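Thank you for joining this session. I would like to take the group through the metal sites, the domains, the internal cavities and a few backbone details.

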Amino acid sequence: MNDELARLQQFLSGRIWPAGKLPFDESVIAKAKERQLIDDVQAIEFLKGKPSCRRCRCASFDTYIRYYCAKCDKICVYCRNCIQMGRLASCDTLVRWIGATATTDVKPKLQWQGQFTAAQARVSQELIDSVRAKRSHLVHAVCGAGKTEILFAAIEIALSMNWRVCVATPRTDVVLELAPRFQQVFPDVTVQALYGGAPLATSYSPFIVATTHQLFRFEDAFDIIFVDEADAFPYTFDVALQQAVVKARKQDGVTMLVTATPSINMQAQFQKTGAYSFIPRRFHGADLPVPRFASLWFYDKQLQMNRLPKKIARWIKNCEDKGQPYLLFFPTIALMKQAAHLFSVPAVYAEDAERKEKVLALRNGEVAGLLTTTILERGITIPRVQVAVIGAESAIFTASALIQISGRVGRAQHEPTGDIVFFHHGVTREMDAAKREILRLNAEVN
Ligand SMILES: [Zn+2]
Ligand SMILES: [Zn+2]
């Protein structure tokens with residue numbers, strides 16, 4: 001194989017890429033086709049008449065949009081679900097590598113001298129056992145358990161067996177945080193970080209850290225995928241991510257799930273095979289802060305009438321008097337925006353262009369607090385932060401969402417406590433379930 005083809009092999013191994021968008025010369029692609037190293041597949045397949053996108057495998061019928069296609073001068077169908085990565089239509093094709101896949105002979109040497117808690121050491125070993133047995137595994141770790149370090153040894157073993165490794169997460173922030181950490185502890189291995197807008201590296205890497213969307217660009221690629229959903233609120237049980245993982249993993253590959261809020265079903269399923277690890281304690285050993293409930297009747301009406309409920313005003317004043325930063329969660333953007341003028345702190349929401357700056361301002365103490373919806377930076381470990389949920393009875397605040405929100409509080413070693421209050425117009429089952437689960441976790445002994 002000549003150099004050009006070898007480079008194409010490096011790039012395309014395990015990938016599935018829109019034809020015409022490959023970062024290679026047409027002549028190289030033609031040569032690869034001639035030697036039957038690549039083939040074309042239809043971007044949108046019709047399975048029993050139903051459209052199915054080969055890239056994202058979205059099963060929802062509403063995703064597929066019929067439109068007049070100028071290229072074909074007829075009605076074609078495109079996939080709306082993965083349009084962020086460029087439109088794929090029924091008349092487009094995707095290119096796959098079908099020759100021998102690229103490999104690298106890595107001798108990873110883990111460079112890490114940190115200290116494990118007893119629980120971390122135990123779970124690290126349990127993960128190693130599952131890697132050796134090549135079975136999928138669930139790590140159930142509370143927010144703030146210190147889970148990244150737990151993966152190191154398992155990854156080292158997987159890499160040394162020449163497995164292709166992926167760490168997948170729903171969020172770009174998490175990729176940006178994790179990739180340099182992995183690179184640091186595995187200096188002999190090239191760790192590729194894939195997220196929207198990342199520069200496209202064409203070399204082969206045995207170790208990839210990717211967002212959900214970038215994972216869709218792979219097929220049958222990985223021997224092992226670590227799914228980091230632990231702090232990914234509000235994306236827990238991201239269906240798209242689970243789908244992407246199944247597609248990007250090799251048929252005989254395994255999945256290592258790390259989450260703070262696994263469903264009962266999921267726990268039972270993994271407990272059956274013994275591939276279940278549990279860390280009920282934060283790395284600093286202190287209890288998880290337990291939410292308290294405070295009634296706040298007709299809070300929405302009050303806010304709509306431009307009145308700041310006294311209980312909220314008092315809670316904020318208390319934080320400000322103590323110099324504690326705070327987060328106020330709202331159930332909807334609409335209510336938050338409407339009420340924003342009643343508060344002296346900025347509001348952040350998903351499409352907010354200044355989201356990062358505002359969070360940074362809170363971290364630096366330039367603002368006293370933030371109003372927010374359920375979307376909020378992960379890695380928002382703000383020392384001493386206090387949290388209030390307004391309208392905790394709203395449907396958007398599921399038990400797992402409330403557990404994750406509560407998990408923002410008391411993460412720092414030197415101040416592992418704090419206030420988490422659910423202001424509500426009636427206590428819901430989800431609120432009860434969240435509180436019960438936190439109490440249960442606190443009652444567990446490592
Ligand atoms: Zn799609
Ligand atoms: Zn067309």
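Along the chain, the donors of the zinc ion (ligand 2) follow the spacing C-x2-C-x3-C-x14-C. These protein donors are C69 (SG), C72 (SG), C76 (SG) and C91 (SG), at 2.2 to 2.4 Å from the ion. Donors here are N, O and S atoms within 2.8 Å of the metal (3.2 Å for Na, K and Ca), and water is not among the atoms, so sites may look incomplete.

Before going further, the conventions. This is a predicted model, in which local features need pLDDT of at least 70 and side-chain atom pairs count only at pLDDT 80 or more, while totals for chains, interfaces and linings use all residues. Residues are numbered from 1 along each chain as its sequence is written, chains are lettered from A and ligands numbered from 1 in the order in which they are written, and side-chain values use heavy atoms, with hydrogens and water left out.

What is the geometry of the site of the zinc ion (ligand 2)? The site is tetrahedral, with angles of 100 to 116 degrees among its 4 donor atoms. Four donors count as tetrahedral if all angles lie between 85 and 135 degrees. For reference, the ideal angle for four tetrahedral donors is 109.5 degrees. C69 and C76 are both buried, buried meaning under 20% relative accessible area, exposed over 50% and partly exposed in between (1.4 Å probe, protein chains only).

I turn to the other ion. The zinc ion (ligand 1) has as protein donors C53 (SG), C56 (SG), C79 (SG) and C82 (SG), lying 2.3 to 2.4 Å from it. Their spacing in sequence is C-x2-C-x22-C-x2-C. This site is tetrahedral as well, with angles of 101 to 114 degrees among its 4 donor atoms. C53 counts as buried because its relative accessibility is 0%, and C56 is buried because its relative accessible area is 0%.

Next, the domains. The protein is divided into domain 1 (3-97), domain 2 (118-279) and domain 3 (292-443), with bounds from an automatic or database domain assignment. The centres of domain 2 and domain 3, taken over C-alpha atoms, are separated by 29 Å.

Which domains each give at least three residues to the lining of the largest cavity? They are domain 2 (118-279) and domain 3 (292-443). A cavity is a set of points on a 1 Å grid over the protein atoms alone where a 1.4 Å probe fits but cannot get out, and lining residues have an atom within 4 Å of a point. Grid points are joined across faces, edges and corners, and a volume is the space filled by probe spheres set on the points. The count is 4 cavities of 30 Å³ or more, and the largest has a volume of about 80 Å³. Its lining includes V142, C143, A260 and I403.

Finally, two backbone details. Most residues other than glycine have a negative phi. Q36, however, has a positive phi near 55 degrees, and Q36 is exposed because its relative accessible area is 62%. K134 has a positive phi near 45 degrees, and K134 is partly exposed because its relative accessible area is 29%.

Terms used: 1 Å grid on protein atoms, 1.4 Å probe; cavity = no way out; pocket = protein on both sides within 12 Å on 5 of 7 lines; lining within 4 Å. Tetrahedral: all angles 85-135°; square planar, octahedral: opposite > 155°, others 65-115°.
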